[in-house]
Each structure stands twice: as structure tokens, then as C-alpha cells.
Amino acid sequence: MENAGPANAAAAEAPTPDGPVWHFLVRPRWLGWHLLMVVSFWGMLWLGDWQFHRALAGNGLSWAYTFEWPLFAVFAVVFWAKTIRDEFRIRRGEMPDPREVAAEAERLPAGVTGRVQAAPVQAGAGSPDEEDDEELSAYNAYLARLNAEVKDHGRWHGLR
Amino acid sequence: MRAAVLRYRVMAYVTGVVLVVLCFVGIPLQIAGHPAVANDVGVVHGILYIIYLVCAWQLARGLGLAAKPTVIMLLAGTVPIMTFIVERWVTRRFINPALSGQAQPTVPVR
């Protein structure tokens, strides 16, 4: 089953030429990440335990760190889980690859993004003889940008 | 989005300043035999760093950052002066491009 070719993979797994999507998890680069995660998770729990014993021994300051280290350990696990979930989404094409988006943003001049250029100019585009009017096209780009912003509202919704 | 950026910036500077005080005032005093400053400031930094983690994490998620820049952002709060450097880098590299694409400009862009 683990060696199942693309033809045998479940449709939901969105097979790629390299096999099922989850195969990236067992590549050396990702195994390194998993190892780092396990070591840091247990390391942080160990540090919390050490602080706990120091606190019991009468070091009042250690009480804060007794709770802080396990919190960091939990945070690391959440980070790890979300990163893996994002990677699945990127590989299934449900989410743009942040590395590619960042690279694209760097290639384009400041203030211009691919998203805006791709957005259709909807509000009252001028007649053909007005097309090269710099101010009007700037205004249309501005309207398109506002339109794109409203469309993407859901994406930022949780942050407001 | 702007609120998340502001929260991150505030926490980056507050955490950074407290860490600088801890490392360049508290630790020398501790070595000189006065541990009170390092103890108190250390606890304050510990609490602030948790808040910083949450703010930096939220912004990283909002910007859709990859794992590597996210880790750099999160760990910056533990290295003296690093929060200031990373905050500038994140602003230039990720926040400004995202804001110029998402937010309404005050002047129409030509």
C-alpha cells in the first residue's frame, strides 16, 4: 500500500508524479524537521520538569518557568501540525505556495502585486481612446484593487 | 491585518527592549552580586515573550509565511537586539508587499 503508484492512490490524495501527497513527510528534509520537533518537544518538557524540581527545592522564581516550558512545548507541536497541514494544502493546490508568492512579489516593482494585476477592472472601464490615459488607468487599477480586497475579505477576517 | 501588524510591532519592540535590559543591565549586575534586576526582568521577559509568540504567530499565519521565516520571527524574541532586526526584515520582505496588495492606498498608485 505504501508503494502504491499514482493509479492506485485514492482520489482524495490527489496523486502527483512522485506518488501520494503525504510522501513528502518521509523525505530526508522533512524527517530532519520531525526529529528536531521531537527533540525540542521533549527537551522543553525536560526543562519544565527541571524547573519544577528547582521550584520545589525553594526557588520561587522557578514557578514561572515551570509553566512556561510546557507551554512552549505545546506551542511547538501546534506550529508543527499547522505547518504540515499547510504543506498538504499547498501540494493539493488549495493554497498558494508562500515561497513562490514572496518571490513573485520581489520581482515586481514596489506597490504592484500579481494579485492586483490579475484582478479585472470592473468599475466603468473607459472607452478605447481613453485607454492610455495614465490617470484613468491608475484610478481603474485602484478600483480593481478595492474590488480584490473585498473579494479576499474572508482571508483576513480572522485578523481584524 | 493592520491590527495584527501593529500588535506584532509593539510586542517586537517591547520584548526587544526588555531583553536588552535583561542582558546588558541585569546580567552584569547579577555577576556583580545583585541578582534582583535579572530575576525580575527575566520573569517579565518570559511573560512578554509568550505574548510576542502569539502575536508573531498570528501575523505569520495572516501573511501566509513559510515555515522558515516563521521560525526566525518566533525565535527572534529570545536573542538580544534580534527582534529589531527581524522586525525590519519582515516589514520590508513580507508586510509591505502584503499591505500594498491588500489595503487601500491613501493615494491612487500610478
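This passage walks through the helices of chain A and the packing inside chain B. The model is predicted, so local features need pLDDT of at least 70 and side-chain atom pairs count only at pLDDT 80 or more, while totals for chains, interfaces and linings use all residues. Residues are numbered from 1 along each chain as its sequence is written, and chains are lettered from A and ligands numbered from 1 in the order in which they are written.

Chain A has 6 helices and 0 strands (DSSP runs: H or I of at least four residues for helices, E of at least two for strands, numbered from the N terminus). Of its 160 residues, 11% count as buried, meaning that 20 or more other C-beta atoms, placed from the backbone, lie within 10 Å of a residue's own.

Over in chain B, the largest nonpolar core (buried Ala, Val, Leu, Ile, Met, Phe, Trp, Tyr and Cys residues joined through C-beta atoms within 7 Å) holds 22 residues. B:Tyr8, B:Tyr52, B:Ala56, B:Leu59 and B:Met73 touch the most other members. At least two residues of this core come from each of α1 (2-31), α2 (36-63), α3 (67-75) and α4 (82-102) of chain B, and α2(B) gives the largest share, 8 residues.

What about how α1(B) and α2(B) pack? Their axes (lines fitted to C-alpha atoms over the stretch in contact, with angles from 0 to 180 degrees between N-to-C directions) lie 8 Å apart at an angle of about 155°. The two helices are therefore roughly antiparallel, a label for angles over 145 degrees.

Conventions. Buried ≥ 20, exposed ≤ 12 C-beta atoms within 10 Å, placed from the backbone. Parallel < 35°, antiparallel > 145°, perpendicular 65-115°, else oblique.
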